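Dear colleague,

Here is the structure I promised to pass on, and below it you will find my notes on what turned up when I went through it.

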Amino acid sequence: MWLFKDKVPTIEESGMLTGITDWHSHVLPGVDDGIKTLEESLDVLRHFDALGVDTLWLTPHIMEDYPNTTEKLKSRFEELKDAWNGNVKLRLASEYMLDSLFEERLAAGDVLPIGNNADHLLVETSYFSAPMEFDDIIDSIKSAGYFPLLAHPERYTYMDEKKYKELKERDVKMQLNYVSLVGGYGETAMKKSIWLLKNGFIDVLGSDVHRLASNQGLISKKPSKKDHLDMILSVVKEKNVI
């Protein structure tokens with residue numbers, strides 16, 4: 001499958017990012033813990049352009065620590081679009097922490113959905129514990145007419161195989177950070193990402209990029225096995241669309 005028959009290629013060498021839609025990034029400048037300036041954002045976009053990325057979803061945090069408003073994010077998005085003249089297509093959504101602010105925004109219909117039909121919400125939880133009434137919040141998302149898309153499920157230390165299966169049975173879709181395959185978030189997250197891929201739990205991929213240098217360093221690393229990249233490629237070819 002790969003051009004590199006005698007060695008495990010890096011993510012960059014594999015070509016898996018060519019033509020891809022990246023469903024999770026923090027490239028919108030100055031709104032959260034991601035990219036800070038417009039010029040830095042343009043540097044990241046040029047980097048992704050060189051890799052052949054087709055579409056990049058900008059998904060800034062909305063949470064109690066970063067209570068971004070829809071109006072502010074849309075305004076900043078227009079500024080970035082006006083400054084960008086490359087090939088990567090830009091889309092705007094948000095990554096929602098499942099906290100009380102999210103529940104307020106959802107009840108008010110004040111959300112930035114993700115997906116080709118604008119019918120998904122990219123959501124996250126604490127890495128260490130589930131939110132209170134987790135199942136009820138999922139039901140609320142569905143009742144509002146959206147599909148939950150769980151960001152980086154491999155990073156939640158409290159989740160086990162049973163919980164992943166329960167979420168999948170409840171039609172929660174899952175977005176993997178592809179740099180997890182090269183240890184971007186540690187060995188436990190790497191092992192979970194492999195298990196999730198092998199068992200068909202992953203629907204879409206994302207970089208979750210916060211810093212250009214970090215992303216460049218990670219995509220230049222090799223997974224422990226070539227078949228792990230093969231699994232990623234199967235997601236790119238067979239899924240990666242919502």
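Please keep in mind that this is a predicted model. I begin with the helix pairs and then turn to the core.

The crossing of α7 and α9 is left-handed. On the α7 side the contact is made by I194, L197 and K198, while α9 brings H228, M231, I232 and V235 to it; by class, these are five nonpolar residues, one polar and one charged. The axes of α7, which covers residues 187-198, and α9, which covers residues 226-238, come within 10 Å and cross at roughly 50 degrees, an angle that falls outside the ranges for parallel, antiparallel and perpendicular pairs, so the two helices count as oblique to each other.

A second pair is formed by α4 (residues 100-108) and α5 (residues 134-143), whose axes also come within 10 Å but cross at roughly 25 degrees. Because angles under 35 degrees count as roughly parallel, that is how α4 and α5 are described, and their crossing is left-handed. Here F102, E103 and L106 of α4 meet I137, S140 and I141 of α5, a set that divides into four nonpolar residues, one polar and one charged.

As for the core, the largest nonpolar one has 74 residues, and F102 and I141 are among those with the most contacts inside it, together with M16, F48, L121, Y178 and L205. If neighbours within four places in sequence are left aside, F48 is in contact with D22, V53, L56, V88, Y178, S207, V209 and N215.

With best wishes

Technical notes:
Residues are numbered from 1 along each chain as its sequence is written. This is a predicted model: local features need pLDDT of at least 70, side-chain atom pairs count only at pLDDT 80 or more; totals for chains, interfaces and linings use all residues. Side-chain values use heavy atoms; hydrogens and water are left out. A nonpolar core is a set of buried Ala, Val, Leu, Ile, Met, Phe, Trp, Tyr and Cys residues joined through side-chain atoms within 4.5 Å. Buried means under 20% relative accessible area, exposed over 50%, partly exposed in between (1.4 Å probe, protein chains only). Contact means heavy atoms within 4.5 Å. Axes are lines fitted to C-alpha atoms, for helices over the stretch in contact, and angles run from 0 to 180 degrees between N-to-C directions. Helices (H or I, at least four residues) and strands (E, at least two) are DSSP runs, numbered from the N terminus. Angles under 35 degrees count as roughly parallel, over 145 as roughly antiparallel, 65 to 115 as roughly perpendicular and the rest as oblique. A crossing is left-handed if the near helix is turned anticlockwise from the far one by less than a right angle, and right-handed if clockwise. Ala, Val, Leu, Ile, Met, Phe, Trp, Tyr, Cys and Pro count as nonpolar, Asp, Glu, Lys and Arg as charged, and the others, Gly among them, as polar.
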